[in-house]
Amino acid sequence: MPRNSYSSPVNQLLDYQPGTGQLSPDEWPDYQELGITAEDIPELIRMATDEDLYNIQDDENDFFGEDSLLEYAPIHAVRALGQLRASSAIEPLISLFPKMDDAFDNEVLFCLIEELTDVLSLIGLPAIPPLAAYLADDSHDETWRVQATVTIKRIACVYPEQQAHCVAALSKQLSAFEENSPELNGHIISMLIDLKAIDSLPLIEQAFEAGRVDDEVVGDFDDVQVYFGLKTRNDLASKSLPPTGDQQTTQKIVTHQQSVNDHESLNKAQQKREARRQRNLRNPSK
């Protein structure tokens, strides 16, 4: 791919520098120092979605070679779009979510998928409706839909003033809990927990009561109440104690050691659920 396949200054990204490393946005190069401006957004979108760049393989003449930097060009283009807050890039960037399927076997794609969320969250409010529409479309793979939930949550982290919009988008999808898979409902609830969206608790309870939440993702409704600070683990420990024996006046004696063991067992279960939830948040495609 010759350098003149893209116009200047965007063509500088074809051999700019390695683009992996999972950098946070404040660690990205300043692409405007290359002379890239808002006028270059269409060319950046073309580079960010250029399948030829994603399918590069060394040819028999070693045109690309081991030291080729072409494979990193889409990552640089994606980052530059984020720095420019390019709202026109939202749909093209969301269309890259399916590349997640191969991300764990490809360092460049893994970095790209991680940073797509950062880029879309930088664009902010305009990205919420397209992400919500993507999330609502069950023709998309569920892994990609979960990525949309993570991205919506991240927007609220970058722009706290937009939290209500993010919570509304996630809650609207959760209201379709009967149509959603239990796993997807679990991930949505996880995002709502992270956003401290306590007003969504009645809706969350409905999803649990309908048996439409995967407890491998988020635990049970008691766990959710603990996450929101409405219950403590001690409350759950008390609930887990054995019931009265034969429903007569004689109550089953619970020794101190039994109580301790029950409490420790509950804590271990809670910790396992929390570990699963955190793992799913870090690696939503798993």
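Reader: How much area does the chain expose, and what share of it do carbon and sulfur atoms supply?

Author: Keep in mind that this is a predicted model. The chain exposes about 14,400 Å², and 46% of that comes from carbon and sulfur atoms. As for the interior, 48% of the 286 residues count as buried.

Reader: What elements does the chain contain?

Author: It has 14 helices and zero strands. To see how the chain folds back on itself, look at the sequence separation of its contacts. Take those between residues at least 6 apart in sequence: 70% of them join residues at least 24 apart.

Reader: Let's pick a pair. How do the axes of H5 and H7 cross?

Author: For a helix pair, start with distance and angle, then handedness. The axes of H5 (residues 107-123) and H7 (residues 142-158) come within 8 Å and cross at roughly 45°. Angles from 35 up to 65 degrees fall in the oblique class, so H5 and H7 are oblique to each other. Their crossing is right-handed.

Reader: Which residues in H5 and H7 meet?

Author: On the H5 side, they include Ile113, Thr117 and Leu120. Among their H7 counterparts are Val150, Ile155 and Val158. Polar and charged residues take part too, including Asp118 in H5 and Arg154 in H7.

Reader: Now a single residue: is Ser200 buried or exposed?

Author: The cut-off for buried is under 20% relative accessible area. Ser200 has 5%, so it counts as buried. Ser200 sits in the loop between H9 (182-194) and H10 (201-209).

Reader: What does the side chain of Ser200 reach, and which residues does Ser200 touch?

Author: Its side chain reaches the backbone oxygen of Ala197 at 2.5 Å. Leaving out residues up to four places away in sequence, Ser200 touches Ser171, Leu192 and Phe228.

Notes:
Residues numbered from 1 in each chain as written. Predicted model: local features only at pLDDT ≥ 70, side-chain atom pairs only at ≥ 80, totals over all residues. Heavy atoms only, no water. Helix = DSSP H or I, 4+ residues; strand = E, 2+ residues; numbered from the N terminus. Buried < 20%, exposed > 50% of the residue type's maximum accessible area, 1.4 Å probe, protein only. Polar contact = N/O pair within 3.5 Å; in protein donor to acceptor, adjacent residues only side chain to side chain. Contact = heavy atoms within 4.5 Å. Areas by Shrake-Rupley, 256 points an atom, 1.4 Å probe, with all protein chains shown as cover. Axes fitted to C-alpha atoms, helices over the stretch in contact; angles between N-to-C directions. Parallel < 35°, antiparallel > 145°, perpendicular 65-115°, else oblique. Left-handed = near helix turned anticlockwise from the far one by under 90°.
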